Amino acid sequence: MPTSSAHAPTAFFPSPETMEVLITKEQLAKRTREIGAQISTDYEGQSIVLIGVLKGAAIFLSDLARAIKVDNTFDFVAVSSYGRARVSSGAVKLIKDIDNPIEGRHVILIEDILDTGLTLNYLRGLMLQHKPASLKIATCLDKPDRRLVPIEADYVAFKIPNQFVVGYGMDYAERYRGVEDIRIFPDEAVH
Ligand code: PRP
């Protein structure tokens, strides 16, 4: 019998419909289009590499890529996860590296959420070792109040207060990533 949190009985988790909506799917679609247009202007005539941080960034990357009108390719990295914990352990470890070289390329790291900043700070340092022509960061959500290291994103869809959210790629115990809008996960449901 599996015992990991991802295999816990479904009834153990609140239904997404019971959670308060923080950002609607319409707001997400609008801001993603705006950021895609901004990136298309900023990189006009150039080719860019979009590097998504698995797993949370997968949905934002997929929407953003379709809003970017300049030549682009995808790559993905994976780092150690929070797992079920709602706060960062502080330790970041690379689990999956980029597949293709980025030396001399224009790179945008894509995240679902910039929280303490530990993940992006680590990844930025790692990517800079590959000597890209430029490196920027795009994040769907930014929680500036939670920052532990000084790092800012170049493109931010929404700044949010310090609330734990799920949906649009973001999970609790691997659930809710496919929820279309961003919802506030209730404190009383934490286990
Ligand atoms: C989340 C998110 C970022 C990171 C941000 O990932 O996707 O990668 O936390 O937090 P930080 O700024 O405090 O470092 P998580 O570990 O939950 O993994 P996931 O993307 O697979 O959900």
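Strands here are DSSP runs of E, at least two residues long, numbered from the N terminus. I need that to place a residue by its neighbouring strands.

**Entry 1, the model.** I am working with a predicted model. I looked up the overall make-up of the protein and found 3 helices and 9 strands. Then I followed the order along the sequence, which reads β-α-β-α-β-β-β-α-β-β-β-β.

**Entry 2, burial and surface.** The protein has 191 residues, and 46% of them count as buried. I also checked the exposed area, which is about 9700 Å². Carbon and sulfur atoms supply 53% of that area.

**Entry 3, contacts along the chain.** I took the contacts between residues at least 6 apart in sequence. Of these, 69% join residues at least 24 apart.

**Entry 4, Arg147.** Next I picked one residue. Where does Arg147 sit? I found Arg147 in the loop between β6 (134–142) and β7 (155–159). Is Arg147 buried or exposed? Its relative accessibility is 17%, so Arg147 counts as buried; the cut-off for buried is under 20%.

**Entry 5, partners of Arg147.** I looked for polar partners of the side chain. A polar atom of the Arg147 side chain lies 3.2 Å from the backbone oxygen of Lys143. The side chains of Arg147 and Glu152 are joined by a polar contact of 3.3 Å. I then listed what Arg147 touches, leaving out residues up to four places away in sequence. The list holds Leu114, Asp115, Thr116 and Gly117, along with Asp142 and Glu152. Glu152 thus appears in my notes both as a touching residue and as a polar partner of Arg147.

Notes
Residues are numbered from 1 along each chain as its sequence is written. This is a predicted model: local features need pLDDT of at least 70, side-chain atom pairs count only at pLDDT 80 or more; totals for chains, interfaces and linings use all residues. Side-chain values use heavy atoms; hydrogens and water are left out. Buried means under 20% relative accessible area, exposed over 50%, partly exposed in between (1.4 Å probe, protein chains only). Contact means heavy atoms within 4.5 Å. Accessible areas come from the Shrake-Rupley method with a 1.4 Å probe; for residues, only the protein chains shown count as cover. A polar contact is a pair of N or O atoms within 3.5 Å; within protein, one must be able to donate a hydrogen and the other to accept it, and residues adjacent in sequence count only if both atoms are side-chain atoms.
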